[in-house]
Amino acid sequence: MATNMKTVRFPPISQTGRLNLTTSEGRIGSLANPKSVPLTFQEDRRSVYWVDRLPPTAGPHGTTEIIASARVQELAKHRTPNQHGWRGDRPTPIWGVSEGAQRADAGPRLVSLSQHKEPHPRYLFDRTAYMTVNEGAKNATSTERLGMLSRPKDRRDRDKFGVISLETSWGQYNPVSPAAKSAQCTSHVESLAEPKKYHPRFAGEKPVQWSVDESALKAIANLRLQQLSRPRSRTMIKDDYDPYKVPMAARRAHATPRIEELCLPIPRKVRPKKVV
């Protein structure tokens with residue numbers, strides 16, 4: 001029965017019977033070889049002040065001479081005006097016109113473009129300060145109403161006390177008629193004019209000063225009242241006090257019928273659920 005056999009290569013064995021892993025053919029020997037340096041490797045400088053070559057020295061005249069390339073010299077030249085067909089301003093506003101330009105005839109399109117823009121047909125220019133008055137306006141006579149309106153308002157005091165209490169801020173005079181002065185109000189108007197009374201159980205503000213009875217002046221506080229009125233000392237404060245801990249008495253307490261009655265919602269605000 002044939003079977004597939006796989007050849008396995010082992011490292012060489014020494015005379016002592018151990019694997020020889022230090023030879024060049026072993027795995028450790030291949031890992032022990034140093035890593036090869038690529039051809040494009042550039043070693044770092046030992047210091048930022050390390051120079052590869054000497055700095056340039058001064059020239060024969062005592063200054064540093066820099067030799068510029070042809071491209072740098074070309075870029076260093078200034079730009080000439082006529083380089084891109086540029087023309088400067090005319091030296092004078094008067095110049096000669098050619099014969100062809102003097103004899104040229106403008107086309108209809110050029111004539112239409114040369115005309116100024118017309119204003120809107122409904123545009124009204126400002127009226128001049130000088131105007132003529134027609135004869136009808138010169139010979140016109142004002143009516144009695146117009147003459148009364150043209151008179152100035154009489155702002156003299158019309159009150160017998162010498163104050164203008166009956167006039168508004170604009171000076172109109174509002175006198176009171178004699179019928180309003182001698183009028184008598186009805187019983188209903190008198191009842192409406194009366195001020196609103198306080199509630200029978202209304203208690204006004206307590207005066208700042210009031211009399212203290214003799215029993216309150218001679219009263220002596222009992223022991224319990226003295227204990228409650230005494231401020232709490234620092235030694236009575238408990239560091240391990242838990243405000244969220246509910247005591248056992250509160251857990252076993254039962255609400256009274258009055259408290260249960262107060263817990264119920266207001267009947268007029270209770271809305272029955274809709275049954276679908």
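The paragraphs below go through the confidence of a predicted model, then its salt bridges, aromatic contacts and cysteines.

The mean pLDDT of the chain is 80, and 80% of the residues reach 70 or more. One stretch to set apart is residues 157-166, where the pLDDT is below 50. Beyond near neighbours in sequence, this stretch has seven contacts in the model. Where pLDDT is low, predicted coordinates should not be read in detail. Confidence also varies between elements of the chain: helix α1 (residues 27-32) has the lowest mean, at 87, and helix α4 (residues 108-114) has the highest, at 93.

Charged side chains come next. Four salt bridges are found in a search of the whole structure. One of them joins Arg71 to Glu74, with 3.6 Å between the closest N and O atoms. Both residues belong to helix α2 (residues 70-76), where Arg71 and Glu74 are three residues apart, about one turn of the helix. Arg71 has a relative accessible area of 51%. Since the cut-off for exposed is over 50%, Arg71 counts as exposed.

A similar spacing appears in helix α5 (residues 135-138), which holds both Glu135 and Lys138. These two residues are three apart, about one turn of the helix, and they form a salt bridge with the closest N and O atoms 4.0 Å apart. The cut-off for a salt bridge is 4 Å. Both partners are exposed: the relative accessible area is 53% for Lys138 and 52% for Glu135.

Another salt bridge links the side chains of Glu99 and Arg103, at 3.8 Å from N to O. Here the partners fall into separate exposure classes. Glu99, at 48% relative accessibility, is partly exposed, whereas Arg103, at 67%, is exposed.

The aromatic side chains can be read in a similar way. A pair of aromatic rings is described by the distance of the centres and the angle of the planes. The model has two aromatic pairs. In one, Tyr123 and Phe125 have their ring centres 4.9 Å apart and an angle of 85° between the planes, and the pair is edge-to-face. Tyr123 is partly exposed, at 44% relative accessibility, while Phe125 is exposed, at 63%. In the other pair, the rings of Tyr198 and Phe202 have their centres 4.9 Å apart. Their planes are at 10°, so this pair is stacked; the cut-off for stacked is under 30 degrees. Tyr198 is exposed, with a relative accessible area of 65%, and Phe202 is partly exposed, at 49%.

A further contact brings a charge and a ring together. The charged end of Lys206 sits over the ring of Trp210, at 4.0 Å from the ring centre.

Last come the cysteines. How many disulfides does the model contain? The count is zero. A disulfide is a covalent bond between the sulfur atoms of two cysteines. As for exposure, Cys185 is partly exposed, with a relative accessible area of 46%, and Cys263 is exposed, with a relative accessible area of 62%.

Notes
Residues are numbered from 1 along each chain as its sequence is written. Side-chain values use heavy atoms; hydrogens and water are left out. pLDDT is the predictor's confidence in each residue, from 0 to 100. Helices (H or I, at least four residues) and strands (E, at least two) are DSSP runs, numbered from the N terminus. Contact means heavy atoms within 4.5 Å. Buried means under 20% relative accessible area, exposed over 50%, partly exposed in between (1.4 Å probe, protein chains only). Rings of Phe, Tyr and Trp (its six-membered ring) pair if their centres lie within 6.5 Å; planes under 30 degrees apart count as stacked, over 60 as edge-to-face and the rest as tilted. A charge sits over a ring if NZ of Lys or CZ of Arg is within 6 Å of the ring centre and within 35 degrees of the ring normal. A disulfide is a pair of cysteine sulfur atoms within 2.5 Å.
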